[in-house]
Amino acid sequence: MGMFTGIDASASGLTAERLRMDVISNNIANANTTRTDQGGAYHRRYVVFMPREKELQSFEDIFKRAVGNKKGTGEGVRAVAIAEDPEQGPLVYDPSHPDANEEGYVEKPNVNIVAEMVDMITAQRAYEANATAINAAKSMAMKALDISGS
């Protein structure tokens with residue numbers, strides 16, 4: 001395990017949580033959009049994450065993977081997709097609305113502002129935790145350099 005592995009893993013978390021906050025902000029901005037370029041109401045989006053896997057560099061890495069030994073430190077996270085929630089939004093009766101169907105109902109976006117704000121707070125806290133972890137790793141590296149220089 002290298003000296004900068006922890007910083008690299010936390011940096012990937014910073015990037016992932018920033019993307020998550022961007023997607024949540026987009027959902028909140030489109031909470032009242034009833035017509036999109038694709039047609040129909042806006043559907044909320046969310047980020048799909050997967051753990052990053054390190055490159056197999058040594059015989060030990062290959063052996064651990066082959067026997068299924070997953071013990072050890074994580075390698076970070078990466079966003080693999082921005083998915084769309086297929087659930088239909090609520091139908092509201094408003095025959096005068098330009099996006100109303102033949103029965104007079106308008107499909108509203110399936111964005112729940114309260115849930116989006118909770119997601120935004122958790123993304124912000126995760127971002128802060130990753131920034132704190134990077135600062136702690138940086139501080140430990142500086143202390144190690146101080147010890148070796150004495």
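Select Ser12 and display its surroundings: apart from residues up to four places away in sequence, Ser12 touches Arg52, Gly76 and Val77. Ser12 sits in helix H1, residues 5-29. The residue counts as buried because its relative accessibility is 8%, under the 20% limit. Within the helix, a polar atom of the Ser12 side chain lies 2.6 Å from the backbone oxygen of Ala9. The model on display is a predicted one.

Next, select Arg52, one of the residues that Ser12 touches. The side chain of Arg52 forms a salt bridge with that of Asp8, at 2.7 Å from N to O. Arg52 belongs to the loop between strand S1 (45-51) and H2, and Asp8 to helix H1, so the pair ties together parts that are 44 residues apart in sequence. Both ends are partly exposed: Arg52 has a relative accessibility of 25%, and Asp8 has a relative accessible area of 40%.

Before moving on, colour the chain by secondary structure. The chain contains 3 helices and 4 strands, arranged along the sequence as α-β-α-β-β-β-α. Of the contacts between residues at least 6 apart in sequence, 69% join residues at least 24 apart. Of the 150 residues, 25% count as buried.

Now select Arg44 and Asp119. These residues form a salt bridge whose closest N and O atoms are 3.9 Å apart. Arg44 is in the loop between H1 and S1, whereas Asp119 is in helix H3, so the bridge ties together parts that are 75 residues apart in sequence. Arg44 counts as buried at 17% relative accessibility, while Asp119 is partly exposed at 26%.

Proceed to Arg45 and Glu84, a salt-bridged pair with closest N and O atoms 3.3 Å apart. Here Arg45 of strand S1 is linked with Glu84 of strand S2 (residues 77-84), and the two are 39 residues apart. Arg45 is partly exposed, with a relative accessible area of 22%; Glu84 is also partly exposed, at 43% relative accessibility. Add Glu116 to the selection: salt bridges with shared partners join Arg44, Glu116 and Asp119 into one network. The count of salt bridges comes to 7.

Keep Arg44 visible and select Asn110, in the loop between S4 and helix H3 (113-149). Asn110 counts as buried, at 12% relative accessibility. A polar atom of its side chain lies 2.7 Å from the backbone nitrogen of Arg44, and the Asn110 side chain also reaches the backbone oxygen of Glu87, at 2.8 Å. Beyond its neighbours within four places in sequence, the contacts of Asn110 include Tyr42, His43, Asp85, Gln88 and Gly89.

Follow helix H3 to Val114. Val114 counts as exposed because its relative accessibility is 60%, over the 50% limit. Measure from its C-alpha atom to that of Ile28: the separation is 9.7 Å, although the residues are 86 apart along the chain.

Switch to a surface view and select Leu91, Tyr93 and Tyr105. These residues form a nonpolar surface patch with about 330 Å² of accessible area together. Tyr105 is found in strand S4, residues 105-107, and is partly exposed, with a relative accessible area of 36%. The accessible surface of the chain comes to about 10,300 Å², with 56% belonging to carbon and sulfur atoms.

Finally, colour by confidence. The chain has an average pLDDT of 86, and 82% of the residues score at least 70. Confidence is highest in S4, at 95, and lowest in helix H2 (residues 59-67), at a mean of 62.

Key:
Residues are numbered from 1 along each chain as its sequence is written. This is a predicted model: local features need pLDDT of at least 70, side-chain atom pairs count only at pLDDT 80 or more; totals for chains, interfaces and linings use all residues. Side-chain values use heavy atoms; hydrogens and water are left out. Buried means under 20% relative accessible area, exposed over 50%, partly exposed in between (1.4 Å probe, protein chains only). Contact means heavy atoms within 4.5 Å. Accessible areas come from the Shrake-Rupley method with a 1.4 Å probe; for residues, only the protein chains shown count as cover. Patches are made of residues with over 30% relative accessible area and no salt bridge: like charges are joined within 9 Å, nonpolar side chains (Val, Leu, Ile, Met, Phe, Trp, Tyr) within 5 Å. A salt bridge is a side-chain nitrogen of Lys or Arg within 4 Å of a carboxyl oxygen of Asp or Glu. pLDDT is the predictor's confidence in each residue, from 0 to 100. A polar contact is a pair of N or O atoms within 3.5 Å; within protein, one must be able to donate a hydrogen and the other to accept it, and residues adjacent in sequence count only if both atoms are side-chain atoms.
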